[in-house]
Amino acid sequence: MISISNENKKDCCGCTACANICPKQCITMTDDNEGFKYPSVDFNKCVDCHLCERVCPIINKTESEEEPKEAYIVRNNDAEIVKNSTSGGAVTAFCEEILSKNGIIFGGAFDNDFEVRHLSAESVEELKKFRSSKYVQSDLTDTFKRVKKNLDDGRYVMFTGTPCQVEGLLKYLQKPYDNLFTVDFVCRAVPSPLVWRKYKELKTKKYKSEITYANFREKTYGYHSANLTLRFANGKKSIENTKTDYMLKSFFDGICSRPSCYECSFRKVDRVSDLTVFDCWNITRYVPTLADDDKGYTAVIVQSEKGRQMLKNVSEKLIMHEADVDTLIKNDGFMAVNNPYKHPKKDEYFKMLSNGAELDKVVQTFVPIKLSRQLLGKTRGILYRLGLLNRLKKSSASTRNSGR
Ligand code: SF4
Ligand code: SF4
Ligand code: SF4
């Protein structure tokens, strides 16, 4: 009997390695009541080959290796790329390098229904869909098979994802490929796709129009005060922040993430990826001569020789400052090693949501947003234009860094 199942939820990060490797296609990834995908095994077709267990990154944990020693704080030279990226636009430079070798990029993106999936890109124009973080677990479907096919065909492939998705991919491939380049990010957790669906329903109803644009980290009011922004077919716009938004409040209050994220097996500084990226919130701490212009920087940890070579190859496209790995992790990448807070009412939250309650009612029941916060949220545009919002930056950054 195999141990792959949908029962021990905290022991499955949903990486899809088992489902993609199964030679009998008897594993399907199906949604649970929280909207997360878990493997469901058809034992009538199973031939007990145990391949699924052998590629599971949680059953087969990667031993820690030597801690990485090289890190940089990076910004893309192209101001337009920086403006439209979550942090400093470093990943776009890596993607462009792979594309210049006729490669293919796989990463999380919105599909036409604003569901988050791993999609591919083969041109610079297509890279736009990967820009900006997506605070939802991406659906990988058959991405691992597509990555392998391209690698076996001799093409350069770049895969970006959560640490568990990258480890799942490498386990699934079962052998190293020189033509594969991987980038993971420091990951707090992944919120439920069901919560995102409920959020979209709520907003569509409120604004009486279809969503035409979504960005979890739009820099409308600067990097440190990024917003979840939606635009609608009728021209209206919704701009919310971590304190006023139903989706972000649920996420940062630790009530809507995947069970495996609260006890993550992949939280460590040394990773199996080639490069690890995350937000650099405190540039002046590392480079005191620089003023923080509120546009964003990317912290990059070098995990392999391939990663080092990539940075060398794209150095003309980036402004780079050397940084100390431990200091970076302590100040900006602490989620690489610390699990997030788990709200004690998480199960009740999902029970109410899956019973059909609207997201605003569920949020106001379990993680209420104060009216004062909502009012303050509505004045952010004015505060920003008056230059007063910047004074609140430090307090919001410290909340983000508090682990909750
Ligand atoms: S044991 Fe083999 S056949 Fe059975 S589910 Fe796992 S991979 Fe598929
Ligand atoms: S962690 Fe990945 S490989 Fe392991 S059971 Fe879950 S989906 Fe399958
Ligand atoms: S927190 Fe851990 S388990 Fe959750 S998505 Fe990130 S790497 Fe995967």
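**Exercise 1. The surroundings of ligand 1**

Find which residues surround ligand 1 in this predicted model, and describe the shell by class.

*Solution.* Begin with the residues themselves: in this predicted model, ligand 1 is enclosed by I2, C22, P23, C26, I27, V41, C46, V47, D48, C49, H50 and C52. Next, sort the shell by class, which gives 10 nonpolar residues, one polar residue and one charged residue. Finally, consider the space that the ligand takes up, which is the second largest cavity.

**Exercise 2. The surroundings of ligand 2 and a hairpin**

State which residues surround ligand 2, and then describe how β1 and β2 are joined.

*Solution.* First, the shell of ligand 2 is made up of I4, C12, C13, G14, C15, T16, A17, C18, M29, P39, C56 and P57. By class, this shell has 10 nonpolar and two polar residues, whereas charged residues are absent from it. Two members of the shell, M29 and P39, lead to the second step, since M29 stands opposite P39 in β2. The strands concerned are β1 (residues 27-31) and β2 (residues 37-41), which run antiparallel and are joined by five bridges. Between the two strands of this hairpin there are five residues, and G35 takes a positive phi near 90° there.

**Exercise 3. The surroundings of ligand 3**

Determine which residues surround ligand 3 and which helices each supply at least two residues of its shell.

*Solution.* The residues to list are T162, P163, C164, C187, R188, A189, V190, S260, C261, C264 and R267. Turning to the helices, α6 (163-173) and α9 (259-262) each contribute at least two residues to this shell. Sorted by class, the shell has seven nonpolar, two polar and two charged residues. The space taken by ligand 3 is the largest cavity.

**Exercise 4. The sheet of eight strands**

Give the strand order of the open sheet of eight strands, and explain why one side of β5 and of β13 has no neighbour in the sheet.

*Solution.* Reading across the sheet, the order is β5-β4-β6-β7-β11-β12-β3-β13, and the pairing is mixed. The strands β5 (116-121) and β13 (318-323) are at the edges and have a single partner strand each, so one side of each remains without a neighbour in the sheet. From one strand to the next, the twist averages 25°. For one pair in detail, take β11 (residues 275-280) and β12 (residues 297-302), which run antiparallel and are connected by six bridges; within this pair, D279 stands opposite T298 in β12.

**Exercise 5. The sheet of three strands**

Describe the open sheet of three strands and the helix that packs on it.

*Solution.* The strand order is β8-β9-β10, with antiparallel pairing. At the edges stand β8 (211-218) and β10 (237-240), and because each has a single partner strand, one side of each is left without a neighbour in the sheet. Neighbouring strands are turned against each other by 10° on average, direction ignored. Five bridges link β8 with β9 (residues 227-232) in the antiparallel sense, and A214 stands opposite L230 in β9. Helix α7 (residues 193-207) packs on this sheet and touches β8, β9 and β10, while its direction makes about 50° with that of β9.

**Exercise 6. Positive phi in two loops**

Locate Q25 and N102, and give the phi of each.

*Solution.* As background, most residues other than glycine have a negative phi. Q25 is found in the loop between α1 (17-21) and β1, and has a positive phi of about 50° although it is not a glycine. N102 lies in the loop between α4 (90-99) and β4 (104-110), and its phi is positive, about 60°, although N102 is not a glycine.

Methods:
Residues numbered from 1 in each chain as written. Chains lettered and ligands numbered in written order. Predicted model: local features only at pLDDT ≥ 70, side-chain atom pairs only at ≥ 80, totals over all residues. Heavy atoms only, no water. Pairing = 2+ DSSP bridges. Helix = DSSP H or I, 4+ residues; strand = E, 2+ residues; numbered from the N terminus. Axes fitted to C-alpha atoms, helices over the stretch in contact; angles between N-to-C directions. Near = heavy atom within 4 Å. Nonpolar A, V, L, I, M, F, W, Y, C, P; charged D, E, K, R; others polar. Contact = heavy atoms within 4.5 Å. 1 Å grid on protein atoms, 1.4 Å probe; cavity = no way out; pocket = protein on both sides within 12 Å on 5 of 7 lines; lining within 4 Å. Sits in = over half its atoms within 2 Å of the grid points.
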